[in-house]
Amino acid sequence: GGDVQIVSGGGDDQAFVHSSSSSNGSRRLDATFADSVTSIAIVNNNKIAIGSFDGKIVVFHNDTSKKELEGPTDVEWMDWHTSGRVLLVGSTDGTVWMFDDTKRLQVFVGHQGAVTVGKFAQNRAITVSADGTVRVWAPKTGLCKHVFRCSSTSQEEEAVGLTCMDVGGGTDGKLILAGSEDGMAYVCHSASQTITHRLQHSVPTTRLNNNNNEQEATLSVEAVGFCPTIPNWCATAGVDGNLKIWDLNYGSVRHECKSSHGITRLHWVDTCVITASTGGTVQIWQAKSGQLLTTLTTSTSSVMNDLDVIVHDDGKLSVVTGSDDTIVRVFEVPKATWMQPPPPTRTNLA
C-alpha cells in the first residue's frame with residue numbers, strides 16, 4: 001500500500017507530480033519547456049529526468065534541486081542506468097546522447113533514422129531505430145560494437161522501422177527483443193551477434209482503399225517484453241489487438257490473446273502481462289494459460305499512450321496510465337485478482 005507518486009508530461013509543455021492520495025493532489029514541476037514533454041525517466045525514486053521536443057532535459061533531485069542539460073534537437077526517449085548516475089537520451093535526428101549529472105559524456109552517431117527507443121543492458125547501450133537496425137554501443141568509447149539489420153526488405157528498398165524494444169532476456173540476459181512496423185519481432189543475441197528468432201506477430205492483410213484498389217495493410221508491433229521469471233518467454237502486442245506469448249526455446253506461440261482494441265503498451269508482472277489499449281482499457285492476462293484475468297475500463301475510449309505498474313509489498317498492483325484525454329489514472333488491483341493460487345496438494349490415500 002502507501003501513497004504512489006506519479007510524474008507526467010504532455011502536449012501543454014509542462015510536467016506534473018501527482019499523488020494517488022487525493023489529499024495531496026497534483027502540482028506542476030518548476031521547469032519551462034518550449035515544446036511538448038515527450039519523455040520522463042525516474043531512478044532510485046529520487047531522481048527525475050524530464051525531456052522535451054525542444055531538446056531540453058531537466059533533472060530533479062529529490063523533487064527539488066534541478067539541473068538543466070542541453071540535449072539533441074529533440075528528445076524522443078530517456079533511460080537511466082541502474083546506478084542512477086548516467087542518462088541515455090535518444091532523438092528523432094538519429095543521434096543518441098549520454099549525460100551524467102552535469103555534462104554530456106558521449107554522442108553515439110550511426111543510425112540513419114529516428115532512434116525510437118534505447119536502454120542500458122549490462123555494460124552496453126542498446127538502441128533501435130526507424131532505419132530498421134538494432135545497435136549495440138560501448139558507452140565509455142561511444143563506438144558501435146555491432147549492428148543487427150532486422151528489416152526484411154532488400155538493400156534497394158527503404159528499411160522498415162523498429163518501434164519498440166526490451167532487453168535482458170534469455171538465461172544469460174543478453175537477448176534483445178525488437179518490434180517492427182511490418183508486424184515482425186526480432187530476437188537478437190548481443191554476445192554471439194546473431195538474430196536468433198524472427199517472430200511473425202501479425203500477417204499483412206489486403207484491404208480496398210478509397211479508390212477500390214487493393215492495398216496491403218501493415219499492422220505494427222507496438223509493445224514487446226521479456227517475462228521476468230521465465231527467461232525464454234516473451235510477449236509481443238500491437239495494432240492488430242493481439243497479445244502473443246512466445247516460448248523462445250521452441251520459437252513458437254504458446255498463447256494468442258485477443259483484445260478488442262489495438263495494444264499500445266505491455267508490462268510483465270511475474271507471469272502476468274498487463275496491456276494498455278487504444279480503446280481506453282487495461283487488461284491483465286495470465287501468460288501460462290492465456291486467460292484474461294480482468295479488464296479495467298475508463299469512462300472514455302481515449303488512447304492510452306503510456307503504462308507503468310507498481311507492485312506493493314502486500315501484492316497489490318497500482319496500474320498507472322496516461323491518455324490522450326489528458327488524464328492520469330491509477331487502477332488498484334488486489335493480489336487475488338492477478339496472482340494465481342498454488343495448485344492443490346495431492347495425497348495418495350491407502
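User: Two strands pair if DSSP finds at least two bridges between them, so how many bridges join strand β8 to β9 here?
Analyst: Four bridges join β8 (residues 77–80) to β9, and the two run antiparallel; strands are DSSP runs of E with at least two residues, helices are runs of H or I with at least four, and both are numbered from the N terminus. This is a predicted model, in which local features need pLDDT of at least 70 and side-chain atom pairs count only at pLDDT 80 or more, while totals for chains, interfaces and linings use all residues. Residues are numbered from 1 along each chain as its sequence is written, and side-chain values use heavy atoms, with hydrogens and water left out.

User: Ok, and which residue in β9 is the bridge partner of Trp77?
Analyst: Trp77 has Gly90 as its bridge partner in β9. The two strands form a hairpin with six residues between them, and Gly84 in that turn has a positive phi of about 80°.

User: What about the other neighbour, β10, how many bridges join it to β9?
Analyst: Four bridges join β9 to β10 (residues 95–99), again in the antiparallel sense, with Leu88 standing opposite Met98. This hairpin has four residues between its strands, and Gly94 takes a positive phi near 90°.

User: Are the faces of β9 covered or open?
Analyst: Both faces are covered, since Leu87 and Val89 on one side and Leu88 and Gly90 on the other are all buried, where buried means under 20% relative accessible area, exposed over 50% and partly exposed in between, with a 1.4 Å probe and protein chains only.

User: Zooming out, how many helices and strands does the protein have?
Analyst: There is one helix, alongside 32 strands. Of the 350 residues in the protein, 51% are buried.

User: Where's the largest nonpolar core, I mean which elements give residues to it?
Analyst: That core has 16 residues, and Ile126, Val134 and Ile176 have the most contacts inside it; a nonpolar core is a set of buried Ala, Val, Leu, Ile, Met, Phe, Trp, Tyr and Cys residues joined through side-chain atoms within 4.5 Å. The elements giving two or more residues to this core are β12 (115–121), β13 (124–129), β14 (133–137), β16 (162–169), β17 (175–180) and β18 (184–189). A second, separate core has 15 residues, among them Cys272, Ile274, Leu296 and Leu307.

User: What is Ile176 in contact with?
Analyst: Leaving aside neighbours within four places in sequence, the partners of Ile176 include Ile126, Val134, Phe148, Met165, Tyr186 and Phe226, with contact meaning heavy atoms within 4.5 Å.

User: New topic: what's the strand order in the open sheet of four strands?
Analyst: The order is β26-β27-β28-β29, with antiparallel pairing. Because β26 (263–269) and β29 (291–297) stand at the edges with a single partner strand each, one side of each is left without a neighbour in the sheet. Strand β28 (residues 281–286) pairs with β29 over six bridges, and one of the matched pairs is Ile284 with Thr294.

User: And how many salt bridges are there?
Analyst: The count comes to seven, a salt bridge being a side-chain nitrogen of Lys or Arg within 4 Å of a carboxyl oxygen of Asp or Glu. One of them joins Asp306 and Arg265, whose closest N and O atoms are 3.6 Å apart. That pair links distant parts of the chain, with Asp306 in strand β30 (residues 304–311) and Arg265 in strand β26, 41 residues apart.

User: Is Asp306 buried, exposed or partly exposed?
Analyst: Asp306 counts as partly exposed because its relative accessibility is 44%, and Arg265, at 33%, also counts as partly exposed.

Note on methods: Pairing = 2+ DSSP bridges.
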